[in-house]
Amino acid sequence: MIDSNIIDRLRRIAGNENVLAAREDLLAYSYDATNTWKHAPDVVVLPVNVAQVSEILRLASENRVPVTPRGGGTNVSGGSVPIKGGIVLCTTRLDRIIEINRANLHAVVEPGVVLQDFNTALARQGLFFPPDPQSFAGCTMGGVVAENSGGPSCLKYGVTRQYVLGLEVVLADGTVVKLGGLTPKNRTGYELAMLFTGSEGTLGVISRIILRLLPAPKASRTIVAAFDDVATAGETVSSIIAGSVLPSKVEFVDNWTFEKFRGLLPDETLDSSQVILLIQVDGLPETVEAETQLVEATCQQNTPWIKVAVDSTEAERYWQARRAHFSDISSRAHTIVNEDVSVPRDKIAEFIRLSQESARRHDVPISFAGHVGDGNFHPVVLTDNRDREHYQRALMCVDEIIETALSLGGVLSGEHGIGLEKQRFLKKALDPAAINIMKKIKDVLDPLHILNPGKIWEEDSKIPLNPFRVNPSG
Ligand SMILES: Cc1cc2nc3c(=O)[nH]c(=O)nc-3n(C[C@H](O)[C@H](O)[C@H](O)COP(=O)(O)OP(=O)(O)OC[C@H]3O[C@@H](n4cnc5c(N)ncnc54)[C@H](O)[C@@H]3O)c2cc1C
């Protein structure tokens, strides 16, 4: 528990209305979108300008109080759970879109801007910011940059990192630093803005973001194809990618979410054991038509069941069904273990086959969904952490899935980050020399380890976990 004196000083820095310390408020900031990690902070502060962010961090450093940066709290790695108590520094009230510059194709935003609001504002000017985490209605730009988020569109357009031109960051000791600039080319020293992109709130608090924008595509088409099994769908994805079309999105849902599509696709020949590929091509209208035909032809090699949405309204219904996967699966089990591995695209079918074998061996239900076009999967194991034996089998299955992804040349996390969830695999997933460099960077930027302690590097944390308040599986 932090000293009440510190809470008083936070009130003086940020104003009474921007500091929360009531029990019910603290509970609201004790979890994220995982269902396994919960821990209440001692206080929540919602600064409204960068000077306040700086003063809060200086105060925290002087008193060695843990600070957990937080945006919308939608992450699925435990990243914004204040596992060591202290201060939650929530940036949602820094929520201005400062500039949208059509002539230079850039925007300047504060971290609390909600992604959907940003894209709505851009669309009015015929522009767009492609990375599209499927939590776009609630996630904030600070969280998007801190997680280097992806999403379906990243297949064609790349992840957040490719759009960050510059950042303003507040370091652990309160220093405000400006990185990068307004130009897409910038070879002036080390690219420090990239270092903070994807750093999960462990290196600094992002207080302003300069982003590269693109003109919005003029047209798009959505193709739905159903396959008899997961492996055939995976092979089809590999064939599409190996062909001459780069779709903007290729998404996959297995038969667990099939029922969401059944209502949209009234066809007696479809049965609930089938799996769905959802593909979007975009660009100029004539290119879109040609690419739609090429994608259809590739799918036809593996399935007779293909439908092209007639308009954007029909297409949006399919995309909504795809987005429902996470909540749908979450509602079917007391506990889910949601993974985020990424494998090379020519290994997709093999990865799915081996993962299914693991699930069979450990006798646990598994569902697959994900941004399969870029090899990024979210295998979800359904379990119940009140049943120790079942939960252990689920974890063993997940361990094997991660081993499989790594052995196929894949990575531990495609987009969700390490947070609390994936620390135990880091040593397998990274070169020891790389881990050494990363830890030195952490030591330089946050020598007291007050920023998001317990995340990514728990073993080196200078603030011990309180075992009586941590409930990793409850
Ligand atoms: C249904 C669902 C679908 C999702 N789909 C996707 C997807 O398709 N692709 C994808 O990549 N992710 C996805 N996510 C994960 C998540 O939504 C994204 O990572 C999102 O960008 C997090 O934004 P947030 O504002 O909620 O951040 P939070 O969850 O609040 O925080 C995430 C991390 O960023 C840090 N952070 C937040 N704000 C700041 C700041 N201002 N400065 C420094 N650090 C900060 C936090 O400490 C934490 O480590 C999904 C989540 C859900 C629940």
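## The shell around the ligand

Helix 5 gives the largest share of the shell around the ligand, with 4 residues. The model described here is a predicted one. In this model 36 residues lie around the ligand, and those that come nearest are Gly71, Gly79, Gly142, Gly143 and Gly201. Three elements give two or more residues each to this shell: strand 3 (67-70), helix 5 (141-146) and strand 10 (205-212).

The shell can also be sorted by residue class. It has 20 polar residues, 11 nonpolar residues and 5 charged residues. Glycine is counted among the polar residues in this sorting.

## The protein as a whole

The protein has 16 helices and 18 strands. Its radius of gyration is 23 Å, and the globule rule also gives 23 Å for 474 residues, so the protein is as compact as a globular protein of that length. Along the principal axes, the C-alpha atoms fill a box of roughly 70 × 60 × 45 Å.

Of the 474 residues, 48% are buried. Among the contacts with a separation of 6 or more, 72% are between residues 24 or more positions apart.

## Three domains

The protein is divided into three parts: domain 1 (1-216 + 425-454), domain 2 (219-323) and domain 3 (327-421). Domain 1 is thus listed with two stretches of the chain, 1-216 and 425-454. The centres of domain 2 and domain 3, taken over C-alpha atoms, are 23 Å apart.

Where these two domains touch, 17 residues of domain 2 are in contact with 16 residues of domain 3. On the domain 2 side, helix 8 (230-242) and strand 13 (249-253) each supply at least two residues. Helix 8 gives the largest share of that side, 7 residues. By class, the side of domain 2 that touches domain 3 has 9 nonpolar, 5 charged and 3 polar residues.

## Helix 3 and Gly174

Helix 3 (residues 50-63) has 14 residues, which should span 20 Å at 1.5 Å a residue, and its end C-alpha atoms are indeed 20 Å apart. Its buried residues are Gln52, Val53, Ser54, Ile56, Leu57 and Ala60. After helix 3 comes Arg64, which has a positive phi, near 50 degrees.

Gly174 is in the loop between strand 8 (164-170) and strand 9 (176-180). Neighbours within four places in sequence aside, Gly174 is in contact with Ser54, Glu55, Leu57, Arg58 and Ser61. Gly174 has 18 C-beta neighbours inside 10 Å, so it counts as partly exposed; a residue needs 20 or more to be buried. Gly174 and Asp443 are 269 residues apart in sequence, and their C-alpha atoms are 16 Å apart in space.

## Helix 16 and the segment after it

Helix 16 (residues 432-445) has 14 residues. From its first C-alpha to its last it reaches 20 Å, close to the 20 Å expected at 1.5 Å a residue. Of its 14 residues the number buried is 1, so helix 16 lies largely in the open.

Asn452 is found in the segment after helix 16. This residue is buried, because it has 29 C-beta neighbours inside 10 Å. Asn452 has a positive phi of about 45 degrees, although it is not a glycine.

## Glu200 and its phi angle

Most residues other than glycine have a negative phi. Glu200 is not a glycine, yet its phi is positive, about 55 degrees. Glu200 lies in the loop between helix 7 (192-196) and strand 10. With 23 other C-beta atoms within 10 Å, Glu200 is buried.

## The loop at Asn18

Asn18 lies in the loop between helix 1 (4-14) and strand 1 (19-20). It has 17 other C-beta atoms within 10 Å, so Asn18 is partly exposed.

Leaving aside neighbours within four places in sequence, the contacts of Asn18 are Val45, Leu46, Pro47, Val48 and Arg93. The C-alpha atoms of Asn18 and Pro47 are separated by 6.5 Å, although the two residues are 29 residues apart along the chain.

How values were computed:
Residues are numbered from 1 along each chain as its sequence is written. This is a predicted model: local features need pLDDT of at least 70, side-chain atom pairs count only at pLDDT 80 or more; totals for chains, interfaces and linings use all residues. A residue is near a molecule or strand if its C-beta atom, placed from the backbone, lies within 6 Å of it. The radius of gyration is taken over C-alpha atoms; the globule rule is 2.2 Å times the number of residues to the power 0.38. A residue is buried if 20 or more other C-beta atoms lie within 10 Å of its own, exposed if 12 or fewer, and partly exposed in between; C-beta atoms are placed from the backbone. Two residues are in contact if their C-beta atoms, placed from the backbone, lie within 7 Å. The expected span of a helix is 1.5 Å times one less than its number of residues. Domain bounds come from an automatic or database domain assignment.
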